[in-house]
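These are my notebook entries on a structure that was new to me. I wrote down each thing as I looked it up.

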Amino acid sequence: MTAVAKIVHNTPEIEAEPDLTDGFHLVIDALKLNGIETIYGVPGIPITDLGRMAQAEGMRVISFRHEQHAGNAAAIAGFLTQKPGICLTVSAPGFLNGLTALANATTNCFPMILISGSSEREIVDLQQGDYEEMDQLAIAKPLCKAAFRVLHAADIGIGVARAIRAACSGRPGGVYLDLPAKLFAQVMDAEAGRQSLVKVIDPAPAQRPAPEAIARALDVLKSAKRPLIVLGKGAAYAQADEAIRALVETSGIPYVPMSMAKGLLPDTHPLSAGAARSTALKDSDVVLLIGARLNWLLSHGKGKSWGEPGSTKFIQIDIEPREMDSNVEIVAPVVGDIASCVQALLDGMGKGWQQPPSDWIETLKTKRDANIAKMAPKLMSNASPMTFHAALGALRTIVKERPDAILVNEGANTLDLARGIIDMYQPRKRLDVGTWGIMGIGMGFAVAAAVETGKPVLCVEGDSAFGFSGMEVETICRYGLPVCIVVFNNNGIYRGTDTDPTGRDPATTVFVPDSRYDRMMEAFGGVGYHVTTPDELTRAVNEAMNSGRPALVNAVIDPAAGSESGNIGSLNPQSGIKKKK
Ligand code: ADP
Ligand code: TPW
Ligand code: MG
C-alpha cells in the first residue's frame, strides 16, 4: 500500500492517490510542531529511519556511541532550554542504556523524553521471544515522572503532547514514550494526520503562590537576625534571573548557591556567602530555599551542619507541594513557580524593608575573605606534578576571562575542588553531576551544551569520570563541537597510589599509570595536549578554546594529592570489624 500511495514530505508523487502520511512522519511533525528541533540518540531497529527522516525534515539529529550519553545530552538540553530534550533509542538494550539518563533527569528535575522503539505487543505480552523483546513501559514507569505508549498513528499527536506536558509542567522530569515498531509503518490520510497533532499551549503554566503564603514567608523573614538565601538548580532552571538578583539585592540577605546555581549571581557578588558556606548554614536563623531541596546535599536540614537542633527556620519556594516537610518542618511553605513566587516576595517587601543586621553580614564577609585568602597561595603553586589546587587556579582564571563558556564538571576531588575554586559569572554555565553525584554525564552534557547554546564548553573531568563517557570524543569530533576537555589525570579514582595488599592485581581504584588521554582525542582528528604545569595548562586551554576545535588536555596531577571520595569521604561506611593490631 505505501509503495503506491503518495506519502507527503519529499517522496515521489503519484497523482491519483490520496495524500497519506505515516507513523514516522507524524512523530517528526508532532515534535517540530512543538518547537523541538533536536534529537539525541543511537540508531537501529526500529528507529533507524525515524532518525534519517527527521534529519531529512530539517531536524538536528545527533548520533552518539552509547545511549546513556545521548540521554544525558537530552536531559541537560532540557535544563538549559526549558523544553524537553529528546533521546531516541532502539528497544530493550538501547532503551535500558537510556534509562539511567532518564532516571537521572527525573531525580534532577530536568525535562526530557526518552522515546524508544519497542517490539510487537502481541509477542511481548505472550513472552514469545521477539527481537529485543522487553516490556519497556512497565520497566520505565517507576523510574520516571510519566510513561506512555502509542499504538495507533492517529494518537501520536496526543501521545507526544502528553509527554511534553508531563515533562515540563509542575516539577519537571523525565518521561518515557514507548513507540512499537508497527506504529511507524502505519499509514493514514495526511490531512487527518495533521488534524491529529497537538501544539501544547503553555506547557509549564505559571503557578502563582497564595497571598497568605507570601505574607507568612515575609513575616518569618522579617523576624530573622541572621537570614540566608539558598539558591538551587531549580532557581537556575526557572530563568527568573533578574527577579532573583533583585530579591537578593533588595532584601540585602546573603546567599549561598548550590552547585548548579553558581553564577545565577556572579560568585564575586558582595552578598555571596559561597566561600563562607559552613558558617552561613550553621549560624543562620532563617533560611529561604529557592529551588533547592533539603536532601543530602544540604545535610537534610539538620545535624551539625545546621547548628543547634531547631535553631533554623526554613521558608521554601518550590513548585512541588510534597517537597515541603520532606526532611524537617517548613515554617513557611511557598508553593508556586519561582518567577511568580520571587516576584511576589519582592512586591511584598515594598519600600519599608529592613536590611538584615550588619553584624551578620560582617561575620560572613570576614569569614569569606579569610577563606579566600587561605586558599590563594595554594592556587599559585607551581609544583610539578600539579596539585588539584594549582591546576584549578589556572582554570579559574580562564573561566573568569571567558564568562560565557559553559563548564561541565565531574569526578570526586576534581569535582569538589573545582566547585569551590572556579567562580562562575553567568547563570546556567555550570553543569555537573547533580543530585545523584553520577559519573558519566561529562561528554553527553558537553555535546548538548555546545549544540543548544553555540557557546564554547570547558569540561573539567577526573580521569575516572571521563572514562564513563570517553568514547563520545568521537561524537565531539564528528560534529566539530567547540569542546575543550581537561582530564585531571591522577592515575585513578581519588588517588593513584593504592596497591593490592596481596600484590597480585592493580588496586581497585587505580588505572594504567601515566595514560595519555590526549591521544584518544587525536585518534579522531581533534587536538591533544599533554601538560605538567599550570602555565602549560593555561596555554593549552587558551589555544584550544580560541580555536573552537575539539581538544583534550591531559593534565598530570600528583597521584597522591586527592582524598578519598573528595569532600564526602564521611559518607563511606566504616567496617564494624576491628582491625587486629
Ligand atoms: P539543588 O541540587 O541545586 O539543591 P534540587 O534539584 O535539589 O536543587 O532542587 C530543585 C528544586 O527546584 C526541585 O524541588 C524542583 O521541584 C524545584 N523547581 C524546579 N523548577 C521550578 C520552578 N520553575 N519553580 C519552582 N520550583 C521549581
Ligand atoms: C555511575 C562512584 C564517585 S567519584 C568516582 C566514582 C567512580 C570517580 C572519582 O575519580 P576521578 O576523580 O573521576 O578520577 P578524582 O579527581 O577524585 O581522582 N558510578 C557512578 N557514579 C558514581 N558516583 C560512582 C560510580 C564514584
Ligand atoms: Mg582521578
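I began just past the end of helix 12, where G252 follows with a positive phi near 70°. Helices here are DSSP runs of H or I with at least four residues, strands are runs of E with at least two, and both are numbered from the N terminus. Within helix 12 (residues 241–251) I found D241, A243, I244, L247, V248 and S251 buried, where buried means under 20% relative accessible area, exposed over 50% and partly exposed in between, with a 1.4 Å probe and protein chains only. Among the elements that cover these buried residues of helix 12 are strand 10 (227–231), helix 11 (233–237) and helix 14 (338–349).

Before going on I noted that this is a predicted model, in which local features need pLDDT of at least 70 and side-chain atom pairs count only at pLDDT 80 or more, while totals for chains, interfaces and linings use all residues. Residues are numbered from 1 along each chain as its sequence is written, chains are lettered from A and ligands numbered from 1 in the order in which they are written, and side-chain values use heavy atoms, with hydrogens and water left out.

**Backbone entries**

Which residues have a positive phi although they are not glycines? I noted Q239, with a phi of about 55°, and D325, with a phi of about 60°. Q239 lies in the loop between helix 11 and helix 12 and counts as partly exposed at 37% relative accessibility. D325 sits in the loop between strand 13 (313–318) and strand 14 (332–335), and with a relative accessible area of 47% D325 is partly exposed as well.

I also looked up cis peptide bonds. The bond from I45 to P46 is cis, with omega near 5°, and P46 belongs to the loop between strand 3 (38–41) and helix 2. The bond from S384 to P385 is cis too, with omega near 0°, and P385 is in the loop between helix 15 and helix 16.

**Helix pairs**

Two packed helices are described by the angle between their axes and the distance between the axes. Here the axes are lines fitted to C-alpha atoms, for helices over the stretch in contact, and angles run from 0 to 180 degrees between N-to-C directions.

Helix 1 (residues 23–33) and helix 2 (residues 48–56) pack at about 50°, with their axes 10 Å apart. The two are therefore oblique to each other, given that angles under 35 degrees count as roughly parallel, over 145 as roughly antiparallel, 65 to 115 as roughly perpendicular and the rest as oblique. On the helix 1 side F24, H25, V27 and I28 meet D49, L50, M53 and A54 of helix 2, contact meaning heavy atoms within 4.5 Å.

I then turned to helix 3 (residues 67–81) and helix 4, which pack at about 30° with their axes 7 Å apart. That makes helix 3 roughly parallel to helix 4.

N104 is found in helix 4 (residues 92–108) and is one of the helix 4 residues that meet helix 3. N104 is buried, with a relative accessible area of 2%, and beyond its neighbours within four places in sequence N104 is in contact with N72, W436, I438 and I441.

**Single residues and a covered helix**

G23, which has its place in helix 1, is buried with a relative accessible area of 0%. Setting aside neighbours within four places in sequence, G23 touches I156, L183, F184 and Q186.

T509 is in the loop between strand 18 (483–489) and helix 21 (518–523), and T509 is buried at 13%. Its contacts, again without neighbours within four places in sequence, are N491, G492, I493, R495 and D498.

Helix 17 (residues 413–421) is mostly covered, as seven of its nine residues are buried. Its cover includes helix 15 (358–380), helix 16 (388–401) and strand 18.

**Cysteines**

How many disulfides are there? Taking a disulfide as a pair of cysteine sulfur atoms within 2.5 Å, I arrived at zero. C109 is in no disulfide, and the nearest cysteine sulfur, that of C168, is 13 Å away, which is too far for a bond. Both cysteines are buried, C109 with a relative accessible area of 16% and C168 with one of 5%.
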